[in-house]
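Please keep the sequence and the three-dimensional view side by side while you read this note. The points below take up a few places in turn, and each can be checked against the picture.

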Amino acid sequence: MTHQTDASDPRFSGLPGRPGKIIAVHLSYASRADQRGRRPADPSYFFKPASSVAASGSTVERPAGTELLAFEGEIALVIGEPARRVPLADAWRHVAWVTAANDFGLYDLRANDKGSNVRSKGGDGYTPIGPSLIDARTIDPGDLRLRTWVNGDLVQHDSTAGLIFPLAQFVADLSQHFTLEPGDVILTGTPAGSSVVEPGDVVEVEVDVPGGATSGRLVTKVVRGPDVSFDASVGSLPSVDDVQRAEAWGSREAAGLPDAEGAEAQVAETPKADASASPALSPELRAKLERTPVAGLSQQLRKRGLNNVTIDGVRALTPGTKIVGTAKTLRFVPNREDLFVSHGGGYNAQKRAFDAVGEGEVIVIEARGEAGSGTLGDILAIRAHARRAAGIVTDGGVRDAEAVASVGIPVFHNGSHPAVLGRKHVPWDLDVTIGCGGTTVQPGDIIVGDADGVIVVPPALAEEVVDAALAQEEEDAWIARQVAQGHPVDGLFPMNAQWRARYEAERGEG
């Protein structure tokens with residue numbers, strides 16, 4: 001068996017050698033951010049394997065049975081000097097070369113990757129790079145131009161002036177977390193214009209300084225993959241829906257999907273949450289709530305006059321689930337066809353809520369107890385999980401229930417149903433006071449759920465209530481031990497003065 005060294009491996013002919021790491025930026029150009037309807041405050045990243053690298057003139061396969069292979073013309077940075085905790089002002093000197101790259105992605109495999117893009121962008125040949133290297137020392141990183149052609153038509157044309165973050169920031173930021181080594185590659189994101197390509201299409205990408213140095217055109221031909229089916233017994237199968245189609249093509253219109261008039265107006269009209277409306281759920285309080293049963297919290301809230309704080313009619317999608325977090329609210333109204341046209345499609349309130357949910361938050365959905373259609377499915381559950389949400393509570397239905405359960409995010413629901421929300425609901429607004437399962441929920445309320453149900457804890461009472469509930473749990477456990485030893489419950493549960501004195505004495509001895 002022969003082994004071809006990296007130096008002679010034609011896949012890496014556009015690079016100084018096989019890269020140890022390939023780090024790609026999720027969203028970096030203003031034009032792409034505007035297209036997606038969200039602009040990141042900071043860069044975020046994913047890794048691609050070195051085995052995905054290909055040279056100019058290579059082919060990329062679109063697997064048989066899939067439809068959404070998308071190109072992304074990008075500027076690639078090649079590290080020349082090790083970079084570890086370098087300041088922004090010194091970061092660019094660690095870049096040795098600049099060249100063109102194409103960050104191909106198969107959106108059919110995107111959903112279950114939960115933002116990592118391992119399978120959707122890690123395929124063999126999915127990272128063409130080259131053909132020539134531009135000496136980074138001879139250029140101003142703010143003057144680079146990026147262009148992409150499909151079958152000779154110019155489809156992407158942007159420059160580093162259109163970046164949300166300067167190129168050097170990616171080097172400085174990544175070096176805070178690990179060492180960038182010589183030969184490592186940073187793919188710096190794609191501008192608007194990325195879209196779907198078909199077998200037979202030819203994609204070309206070029207990076208240059210207008211009138212100056214150029215990478216040359218990186219040429220890749222799309223070919224049909226072999227008729228090899230994916231094995232469902234070892235992993236998830238390709239799947240697409242209109243959300244993935246719109247993102248892969250670049251817009252609903254480009255994907256041939258009906259657009260929703262007024263969606264942009266609805267975005268502008270949506271009330272924003274007041275971040276100061278409730279205190280933060282501290283790690284210490286969260287830890288105590290995770291140890292506290294909902295029944296104990298209910299008992300303590302009732303003692304304080306709060307009886308209408310349970311979200312009734314919901315149960316855990318996966319038995320044994322515990323949920324603790326602060327509420328991020330989403331409201332559905334009954335379906336009316338004309339309102340669904342104006343508010344149901346596009347970047348509607350449902351999608352905005354799942355895109356904006358924060359770490360430790362619980363998306364709480366008002367669906368009026370109507371379980372006759374889904375209020376979320378696996379794609380949105382994956383998005384919430386990727387955002388590190390604490391869970392989802394809906395008094396409506398869940399579709400793709402098995403797939404949602406496999407995501408691993410806690411979900412409490414009112415039943416399973418195969419229909420999409422347009423059958424019964426219109427996504428209306430988010431971050432407002434809602435009614436879920438018969439109780440009022442405000443943004444920032446503390447949500448706790450277990451096998452007994454889901455309860456809403458007013459933030460101002462949380463510390464007092466959880467401490468009292470834990471103390472009661474300790475007392476109840478002591479009573480249970482006495483009963484197990486044969487003592488009758490009369491006078492013990494609740495404790496009379498004699499039993500109380502004994503309990504206090506034993507606690508004092510402890």
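1. In this model, which is predicted, a good place to begin is helix α12, which covers residues 462-484 and therefore has 23 residues, with 32 Å between its first C-alpha and its last, close to the 33 Å expected at 1.5 Å a residue. After α12 comes Gly-486, whose phi is positive, near 110 degrees.

2. Which residues of α12 are buried? They are Ala-462, Val-465, Val-466, Ala-469, Leu-470, Gln-472, Glu-475, Trp-478, Ile-479 and Gln-482. When you look at how these positions are spaced, it helps to remember that an α-helix has 3.6 residues a turn, so residues three or four places apart point the same way.

3. A second element to find is strand β21, made up of residues 425-430, where 5 of the 6 residues are buried, so that the strand is largely enclosed by the rest of the structure. Strand β17, residues 323-334, is joined to β21 by 5 bridges, and the two run antiparallel. One pair that you can locate for yourself is Leu-330, whose bridge partner in β21 is Leu-430.

4. Elsewhere, 7 strands form an open sheet with mixed pairing, and their order is β2-β1-β12-β6-β7-β9-β3. At the edges of this sheet lie β2 (45-48) and β3 (53-54), each of which pairs on one side only. As background, strands of a sheet pair through backbone hydrogen bonds, either parallel or antiparallel.

5. Within that order, β7 (residues 95-102) and β9 run antiparallel and are joined by 4 bridges. Ala-100, for example, has Gly-130 in β9 as its bridge partner.

6. Lys-121 deserves a separate look, since this residue sits in the loop between β8 (105-106) and β9 (127-135). Is Lys-121 buried or exposed? Its relative accessibility is 8%, and because buried means under 20%, Lys-121 counts as buried.

7. What surrounds Lys-121, if its neighbours within four places in sequence are left aside? Lys-121 is in contact with Phe-46, Lys-48, Glu-72, Asp-103, Phe-104, Gly-105 and Tyr-126. Among these residues, Glu-72 has a side chain joined to that of Lys-121 by a polar contact of 3.1 Å, and the side chain of Asp-103 makes a polar contact of 2.9 Å with the side chain of Lys-121. Ser-56, by comparison, is 65 residues away from Lys-121 along the chain, and the C-alpha atoms of the two are separated by 18 Å.

Conventions
Residues are numbered from 1 along each chain as its sequence is written. This is a predicted model: local features need pLDDT of at least 70, side-chain atom pairs count only at pLDDT 80 or more; totals for chains, interfaces and linings use all residues. Side-chain values use heavy atoms; hydrogens and water are left out. Buried means under 20% relative accessible area, exposed over 50%, partly exposed in between (1.4 Å probe, protein chains only). Contact means heavy atoms within 4.5 Å. A polar contact is a pair of N or O atoms within 3.5 Å; within protein, one must be able to donate a hydrogen and the other to accept it, and residues adjacent in sequence count only if both atoms are side-chain atoms. Two strands pair if DSSP finds at least two bridges between them.
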